[in-house]
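Let us take a friendly walk through the inside of a protein. Have the sequence and the 3D view ready, and follow along as the empty spaces and the packed parts come up in turn.

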Amino acid sequence: MSDIFVHILTHNVIPLSVMIGLGFALQRAFKLDLRTLSKLIFYLFSPVVVFTMLYKSEFSGEVAGQVVLFFLVFYAMLIGVTELVVRLRRLRGGMAVAMRNSVIFYNSANFAIPLNQLVFAGNPFTMAIQLIIMLFQNLLPNTLGIFMVNAGKMTAKEALKVVFTFPAVYCVPFALIMKAYEVPIPQPLMTPLEYITEGFIAVALVTLGAQLGSMKWSMKRFDLVFLSNALRLLVSPALGFLAVWALGYEGLLAQALVLSCAVPTSLSSMLIAVEFENEADFASQTVFTSTVLSIFTVTLVIAFMQGL
């Protein structure tokens with residue numbers, strides 16, 4: 001298990017921390033415009049990433065069906081538990097939304113994919129499972145996440161209108177139609193799409209670092225930050241175990257699905273908070289602390305899931 005610990009530290013936490021640190025330093029030196037960075041992500045990087053991932057995705061219908069069923073069961077439980085905690089803690093307004101987003105949106109791409117490759121030795125079956133989860137976790141923040149953060153400020157109809165002002169929403173049907181009819185994308189167009197996709201993580205992490213560098217650190221809300229961490233890193237994988245048991249899944253399928261539930265908070269929760277000025281400091285802290293603490297929690301989950 002020490003190998004897993006070291007790998008997560010050297011291949012996930014340290015590289016992410018370096019990029020976050022660069023953003024932190026740049027913010028302190030030059031006072032970057034966070035709103036401009038946010039606009040770049042929501043109107044350029046996010047839609048291109050969603051489109052490219054959907055267009056290039058490849059997996060069998062049987063595996064997709066099993067993963068989708070698991071995700072529906074698991075996500076319903078996760079939302080239910082998170083909502084219960086929000087109500088018990090009597091969180092209101094923007095903080096309630098920020099807490100929900102920090103738990104139900106998780107890092108299924110740049111953290112979970114290399115982790116999956118390590119744990120399952122590059123198994124294509126388990127990687128296909130993770131890619132399906134990743135698609136969900138790229139779509140939901142750009143739809144449900146945007147809706148939730150605006151629903152408390154306006155009517156549901158008006159919040160829904162806001163969702164449809166973001167291009168990522170339109171990229172979903174566009175990519176699926178092109179994939180279904182096997183419409184080829186000329187290489188001169190695919191190349192810039194790939195460049196933008198590859199640059200997304202760097203820009204998002206620098207933005208996170210800049211947000212951390214612009215805020216005033218305080219211990220006042222750290223109880224809520226660590227509550228979010230506990231829900232994301234401990235309760236979420238526990239619900240993953242429960243979901244695979246309830247569905248009767250075993251072996252690699254069950255292990256890959258549980259592992260997908262154990263990763264830290266997604267950058268998307270922070271990006272939404274910055275874009276809509278909704279508890280950005282709290283959101284940034286949950287992303288950073290959950291990433292660091294995941295070194296220990298993910299290692300434990302890997303040890304427990306060997307019995308599946």
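Cys-171 is a good place to start: its relative accessibility is 15%, so this cysteine counts as buried. Cys-261 has a relative accessibility of 0%, so Cys-261 is buried too. Keep in mind that this is a predicted model. How many disulfides does a search of the whole structure find? The search comes back with zero.

**Spaces inside**

Now for the empty spaces. The structure contains two cavities of 30 Å³ or more. Here they are beside the largest pocket, with the make-up of each lining.

| Space | Volume | Lining residues by class |
|---|---|---|
| Largest cavity | about 40 Å³ | six nonpolar, three polar, no charged |
| Second largest cavity | about 30 Å³ | five nonpolar, three polar, no charged |
| Largest pocket | about 650 Å³ | 16 nonpolar, 12 polar, three charged |

Which residues line the largest cavity? Look for Leu-16, Ile-20, Asn-107, Leu-205, Leu-208, Thr-265, Leu-267, Val-287 and Thr-291. Helix H1 (2-30), helix H10 (187-214) and helix H14 (280-305) are the elements that each give two or more residues to this lining.

Around the second largest cavity you will find Ala-98, Asn-101, Val-149, Ser-269, Ile-272, Ala-273, Asn-278 and Ala-283. Two or more residues of that lining come from helix H4 (93-104), and the same holds for helix H13 (267-275). The top contributor is H13, which supplies three residues.

One member of this lining deserves a second look. Asn-101 sits in helix H4. Is Asn-101 buried or exposed? With a relative accessibility of 3%, Asn-101 counts as buried, because the cut-off for buried is under 20%. Leaving aside residues up to four places away in sequence, Asn-101 touches Gly-145, Met-148, Ser-269 and Ile-272. Ser-269 and Ile-272 also appear in the lining of the second largest cavity.

**The largest pocket**

Next comes the largest pocket, which has 31 lining residues. To find its middle, look for Val-49, Met-53, Ala-109, Met-134 and Asn-138, the lining residues nearest the centre. The elements giving two or more residues to the lining are helix H2 (34-56), helix H6 (124-139), helix H7 (141-151), H10 and H13. Of these, H2 has the largest share, with seven residues. The charged group in this lining has three residues.

**The packed core**

What about the parts that are filled? In soluble globular proteins, nonpolar side chains tend to be buried together. Here, the largest nonpolar core has 105 residues. Which residues have the most contacts inside this core? They are Phe-74, Tyr-75 and Leu-257. Helix H2 gives the most to the core, with 12 residues.

Phe-74 makes a nice last stop. Not counting residues up to four places away in sequence, Phe-74 touches Tyr-106, Arg-232, Ser-236, Leu-239, Gly-240, Ala-243 and Cys-261. That list brings us back to Cys-261, the cysteine that counts as buried at 0% relative accessibility.

Technical notes: Residues are numbered from 1 along each chain as its sequence is written. This is a predicted model: local features need pLDDT of at least 70, side-chain atom pairs count only at pLDDT 80 or more; totals for chains, interfaces and linings use all residues. Side-chain values use heavy atoms; hydrogens and water are left out. A disulfide is a pair of cysteine sulfur atoms within 2.5 Å. Buried means under 20% relative accessible area, exposed over 50%, partly exposed in between (1.4 Å probe, protein chains only). On a 1 Å grid over the protein atoms alone, a cavity is a set of points where a 1.4 Å probe fits but cannot get out, and a pocket is an open set with protein on both sides within 12 Å along at least five of seven lines; lining residues have an atom within 4 Å of a point. Grid points are joined across faces, edges and corners, and a volume is the space filled by probe spheres set on the points. Helices (H or I, at least four residues) and strands (E, at least two) are DSSP runs, numbered from the N terminus. Ala, Val, Leu, Ile, Met, Phe, Trp, Tyr, Cys and Pro count as nonpolar, Asp, Glu, Lys and Arg as charged, and the others, Gly among them, as polar. Contact means heavy atoms within 4.5 Å. A nonpolar core is a set of buried Ala, Val, Leu, Ile, Met, Phe, Trp, Tyr and Cys residues joined through side-chain atoms within 4.5 Å.
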